[in-house]
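Take the sequence and the model side by side. The paragraphs below start from single residues and work outward to the whole chain.

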Amino acid sequence: MTHRTAAVNRLIVLIVGLLLLGFGAYAVAWDLRVPIVREWVSRYDRARVTALPDQDWWGWALAATVVVGLVFGIVLLALDLTRRRTSAVAVPDHESGTYVTVDLGSLANGVASELAEYPGVRQTRARAVVERGLPTLSIVVTADPTLDIHDFTRKSEDVASWVASTLGGEQVATQVLLHLDRADHPVHAEN
């Protein structure tokens, strides 16, 4: 789910929640015999309100409400469930003058394999996603807590630079997230 879709979902939940809260507060106030709410209810034309379901347009209004609700719900659900997969990137080959198609998922797996060979790395996971509108190679590295972070960061930056030069200026980000495992034996300070 993208940030924009999440924001739309939150806005819809906020609006629906406020409407339900308002209707609930109105009903509770009526039940508690709050004078102003009782006065508002007394102003309703009861004959007109009870005759609404007998109108010719009532059935059509209910059917339209159901259809609009279903379409809205299906569209929102489809937007929520869309995966943020990247499409292949066409990289120009300057020698032949043609384009080579690069699958970013495979490239992410290659980067993860490269980083997995670094001493102290225990596990890598890779995926290619669209993050804020930008195709991104996302690699999660789990490593030993004694890993040389400075040297690993340099290695990660070298790999990211290689990816950028390989893709020939295409806008693709490389993201390396480092998770350090807990130390097997905690260090105790001696007095």
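Ala90 touches Tyr99, Val100, Thr101 and Glu170, leaving out residues up to four places away in sequence. The model is a predicted one, and in it Ala90 belongs to strand β1. With a relative accessible area of 37%, Ala90 is partly exposed, because that value falls between the 20% limit for buried and the 50% limit for exposed. Gly168 stands 78 residues from Ala90 along the chain, yet the two C-alpha atoms are separated by 9.5 Å.

Val91 also lies in strand β1. Is Val91 buried or exposed? Its relative accessibility is 8%, so Val91 counts as buried, the limit being under 20%. The contacts of Val91, apart from neighbours within four places in sequence, are Thr98, Tyr99, Val100, Val102, Thr166, Leu167 and Gly168. Glu170, a contact of Ala90, is 79 residues from Val91 in sequence and 7.5 Å from Val91 in space, C-alpha to C-alpha.

One of the contacts of Val91 is Leu167, and Leu167 leads to the largest nonpolar core. This core has 22 residues, and the members that touch the most other members are Leu104, Leu107, Leu115, Leu137, Ile139, Phe152 and Leu167. Which elements give two or more residues to the core? They are β1 (89–93), α5 (104–116), β3 (121–131), β4 and α6. The most comes from α5, which gives six residues. In soluble globular proteins, nonpolar side chains tend to be buried together.

Leu137 can serve as an example from this core. Not counting residues up to four places away in sequence, Leu137 touches Leu104, Leu107, Ala108, Arg127, Ala128, Val163, Val172, Ala173, Thr174 and Gln175. Two of these contacts, Leu104 and Leu107, are themselves listed among the core members that touch the most others. The list also includes Arg127, Thr174 and Gln175.

Asp144 follows β4 in the sequence, in the loop between β4 (134–143) and α6 (149–166). Asp144 has a relative accessible area of 18%, which means that it is buried under the 20% limit. Gly120, Arg122 and Leu180 are in contact with Asp144, when residues up to four places away in sequence are not counted.

Another loop residue, Arg33, lies between α1 (3–31) and α2 (35–42). Phi of Arg33 is near 60°, a positive value in a residue other than glycine. Is Arg33 buried or exposed? Arg33 is exposed, because its relative accessible area of 60% is over the 50% limit.

Further along the chain, UniProt places a "transmembrane region" at residues 57–79, in an unreviewed entry. In the model, residues 57–79 are 100% helix and 0% strand. The C-alpha atoms at the two ends of this stretch are 33 Å apart.

The chain as a whole has six helices and five strands. From the N terminus on, these elements run α-α-α-α-β-β-α-β-β-α-β. Why is the chain described as more spread out than a compact globule? Its radius of gyration is 29 Å, whereas the globule rule gives 16 Å for 191 residues; the value is well over that of the rule, so the chain is more spread out than a compact globule. Along the principal axes, the C-alpha atoms fill a box of roughly 80 × 70 × 20 Å.

The domain assignment divides the chain into domain 1 (3–84) and domain 2 (104–180). How far apart do the C-alpha centres of domain 1 and domain 2 lie? The distance between them is 48 Å.

Some totals for the chain complete the picture. Of its 191 residues, 19% count as buried. The chain exposes about 14400 Å², and carbon and sulfur atoms supply 61% of that area. Among contacts with a separation of 6 or more, residues 24 or more positions apart account for 61%.

Methods: Residues are numbered from 1 along each chain as its sequence is written. Side-chain values use heavy atoms; hydrogens and water are left out. Helices (H or I, at least four residues) and strands (E, at least two) are DSSP runs, numbered from the N terminus. Buried means under 20% relative accessible area, exposed over 50%, partly exposed in between (1.4 Å probe, protein chains only). Contact means heavy atoms within 4.5 Å. A nonpolar core is a set of buried Ala, Val, Leu, Ile, Met, Phe, Trp, Tyr and Cys residues joined through side-chain atoms within 4.5 Å. UniProt positions are given in the numbering used here, feature names are shortened, and annotations may be inferred rather than shown by experiment. Domain bounds come from an automatic or database domain assignment. The radius of gyration is taken over C-alpha atoms; the globule rule is 2.2 Å times the number of residues to the power 0.38. Accessible areas come from the Shrake-Rupley method with a 1.4 Å probe; for residues, only the protein chains shown count as cover.
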